[in-house]
Every structure is written in C-alpha cells, then in structure tokens.
Amino acid sequence: MKQIKLEKSIEAQIAQYDQNMLFQQAEYDANNAEQGGYSNYSYWRSTWRSFAKNKIAIFFLGLLGIMLLFTIIQPLLPNQKNPNEVFWVGTAPDMNHRPDSEFWFGTNSTGQDLWARIWSGTRTSLMIGVVVGLLRAIIGIVIGALWGYVRHADRLLTEIYNVLHNIPNSIVMILFTYILSPGVGTMIFSMCVLGWLPMSRFIRNQIVIIRDREYNLASRCLGTPTRRMITKNLLPYLVSVIMLRISLAIPAAISGEVFLTYIGLGLPVTIPSLGNLINEGRIVMMSASSRYQIIFPAIVLSLITISFYVIGNAFADAADPKNHV
C-alpha cells in the first residue's frame, strides 16, 4: 500500500510541472538538417595500406618495377649493343666470350651480346606473359560468370568444359605452333586456346557459392538485369581471388613460352626471349666455362616468377575486406 501511495505521489508531482519546462522545442537549422553519417573508408586505400604492411611483398614489387622499367629504357641507354648483332674477332665470331667490361654477360655460341639479348628477351617474354595472362583472365571471367549465374547454360557449358578439359593443353600448344608460322602472335594464340579453362571453372564455382545469398535474391526479385547482377553484385566479391589468379597466370604464360622454345617450337632465334636464351644455354651448360649462358637468363626468369607469386599472394590477402581496419 505504501508503494502504491508513493507512486501516486510522484505522478501527482510530475503532473504539476509545466510541459514547457520539461521539453524545449528546437529551432530548425538547415545546415544541421543536411548533416549525416560520414565514413572516410576507401576499399582501394585500405587494400594498399594492408598490402604495404607486407615488407617482403613491397621489396619484390620494387624489384619487379625496377626490372620492368629497365627493360623499357635499356635500348635507350648509351653504348647498348644490338641483340642480334654478331661480334667478330678477326674473321671468326667472338663466340662464348666470358663476361668482362665490354660484354657484361658475355657472348653466346654465335658471338651475340648476352646482356642485350637477355633484356630484349625479357621484354618479349613479359609482353607475352601479360597479354596471355590478361586474355585468359578476361575470357575465363566472362564465361565463368555466365556459367555460374545463368542456370540454363550450366549443363551446356559443363559438357563443353569436360570435352575441352580432357584435351592436354601442351598438345594443343604444340599443334598450333607447329601448324602456324612461328611468331609472337602464334605463341599467344596457342597458349590462349585452352588456357582460359581453369579460370572459368574457378569463377563458376565461386559464383555458385554466392549467387543465392539474400541480397542477390532480393536484387533479382527487383528485376536487376543479368549484366548488372554479375558486374555489381558478384564479381566485386571476387576481386582478391581474381587478382591472385591473374598474377599467377603471367609467370605461367612465361613458363609456357619457355617450354615451347625448349622443345624447339617457340620463337625464332631472331626474336630473343627468355625461352630462347635458356634453350641456348642448355646446349652448352655441360661446359663449365659456358654455364653463364644459362645462369643469367635463369636468374632473371626466377626473379620475375617469384616476384609475381609473392605480390599476387600478398595482394589477395590485402584485398580481402576482412583484413581491413
């Protein structure tokens, strides 16, 4: 009873107060009305910050950047030799000349400057690797996205994939390089014929995982077209893994060029490439005095491959929003 009387007393006291004393009406302010929540979060800025924390990846990024820059400006530097020019000593080619102040990387078995040929070959191999990697990625992403999202196309594309996947890629590359005239275009075409299959299968599996999530179902019910669903709702979630696959596809394409040249179906000797240089060095590697001919191009190839691998893995981790602060 005492508690009930106390509550009634409190209510009576509250009722005595003027409502204008409890609440004050705020005046309208147009500037305050326009203010809203703000976040300075940027996906790519956060990705770079996370990537920059990996010192090893930064080191290899700088190393790869220096190599790329040097391969471009090397022909413009003074006292640079023609990679296809044969140097003579009297009436005989200056063959297997060991590295010295004139020939920094020595000469090969035909008397050509190995320094000029290595950097010219690096330009050629990097160009092939980047073009092949990008083409494989573009074709694989487009087909894989349609394969994973468009249900009616799943069975047809699966059967096509099963047929093409059972054809050895190395056999296809050898066949096309044997039929067509040797050259950079032939090399790129032969490596892209079936090279897009792993990327398309990977993208398809990732799309299948996320295509039926609630926000995608809601967007589909609102009538969002297929193109916008793929480009806005699905692919942005796969940026990290796509960048990783692309970064690994570039050294894989360079390795494919080295393989084709190693078996004698690559570029002609008039077009220097890392594959040509390694194949030439393999022939003379049993001679201790000539092993530099395979050591130098192998070091350049290894640095490029390792750099892309480390950078790709580090960027894939950095691009994951879960690692952003």
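Two rings of Phe, Tyr or Trp count as a pair if their centres lie within 6.5 Å, and planes over 60 degrees apart make the pair edge-to-face. Keep that in mind as you work through this predicted model.

**Exercise 1. Find out how many aromatic pairs the structure has, and work out how the rings of phenylalanine 70 and tryptophan 115 are arranged.**

Step 1. Start with the count: the rule gives 13 aromatic pairs.

Step 2. Now take phenylalanine 70 and tryptophan 115. Their ring centres are 5.8 Å apart and their planes stand at 75°, so you're looking at an edge-to-face pair.

Step 3. Place the two residues. Phenylalanine 70 is in helix α5 and tryptophan 115 is in helix α6, so the pair ties together parts that are 45 residues apart in sequence.

Step 4. Check how covered they are. Phenylalanine 70 has 22% relative accessibility and counts as partly exposed, while tryptophan 115, at 13%, counts as buried.

Step 5. Tryptophan 115 has another partner, phenylalanine 105: this pair is edge-to-face too, with 5.0 Å from centre to centre and 70° between the planes. Phenylalanine 105 lies in the loop between β2 (92-93) and α6, so here the tie joins parts 10 residues apart in sequence. Both phenylalanine 105 and tryptophan 115 are buried.

Step 6. Zoom out a little: ring pairs link Phe70, Trp104, Phe105, Trp115, Trp119 and Phe296 into a cluster.

**Exercise 2. Work out which residues share a salt-bridge network with aspartate 212.**

Step 1. The structure holds 5 salt bridges. In one of them, the side chains of aspartate 212 and arginine 151 meet, with 2.6 Å from N to O.

Step 2. Where do these two sit? Aspartate 212 is in the loop between α10 (197-210) and α11 (214-221), and arginine 151 is in the loop between α6 (114-149) and α7 (154-165), so the bridge ties together parts 61 residues apart in sequence.

Step 3. Look at their surroundings. Aspartate 212 is partly exposed at 37% relative accessibility, and arginine 151 is partly exposed at 44%.

Step 4. Hunt for further partners of aspartate 212. Arginine 211 bridges to aspartate 212 with the closest N and O atoms 3.7 Å apart, and arginine 211 is buried, at 13% relative accessible area. Arginine 220 also meets aspartate 212 in a salt bridge, again 3.7 Å from N to O; arginine 220 is partly exposed, at 29%.

Step 5. Put it together: salt bridges with shared partners join Arg151, Arg211, Asp212 and Arg220 into one network.

**Exercise 3. Find which charged residues lie over the rings of phenylalanine 103 and phenylalanine 202.**

Step 1. For phenylalanine 103, the residue is lysine 81, which lies over the face at 5.3 Å from the ring centre.

Step 2. For phenylalanine 202, pick arginine 245: its charged end sits over the ring, 4.4 Å from the centre.

**Exercise 4. Describe the protein as a whole, then name the residues of a nonpolar surface patch.**

Step 1. List the building elements: the protein has 15 helices and 2 strands.

Step 2. Check the inside. Of the 325 residues, 38% are buried. Among contacts with a separation of 6 or more, 68% come from residues 24 or more positions apart.

Step 3. Turn to the outside. The accessible surface comes to about 19600 Å², and 63% of that belongs to carbon and sulfur atoms.

Step 4. Leu69, Ile72, Ile73, Leu76 and Leu77 make a nonpolar patch of about 490 Å². One of these residues, leucine 69, is in helix α5 (residues 55-73).

Definitions and conventions
Residues are numbered from 1 along each chain as its sequence is written. This is a predicted model: local features need pLDDT of at least 70, side-chain atom pairs count only at pLDDT 80 or more; totals for chains, interfaces and linings use all residues. Side-chain values use heavy atoms; hydrogens and water are left out. Patches are made of residues with over 30% relative accessible area and no salt bridge: like charges are joined within 9 Å, nonpolar side chains (Val, Leu, Ile, Met, Phe, Trp, Tyr) within 5 Å. Accessible areas come from the Shrake-Rupley method with a 1.4 Å probe; for residues, only the protein chains shown count as cover. A salt bridge is a side-chain nitrogen of Lys or Arg within 4 Å of a carboxyl oxygen of Asp or Glu. Helices (H or I, at least four residues) and strands (E, at least two) are DSSP runs, numbered from the N terminus. Buried means under 20% relative accessible area, exposed over 50%, partly exposed in between (1.4 Å probe, protein chains only). Contact means heavy atoms within 4.5 Å. Rings of Phe, Tyr and Trp (its six-membered ring) pair if their centres lie within 6.5 Å; planes under 30 degrees apart count as stacked, over 60 as edge-to-face and the rest as tilted. A charge sits over a ring if NZ of Lys or CZ of Arg is within 6 Å of the ring centre and within 35 degrees of the ring normal.
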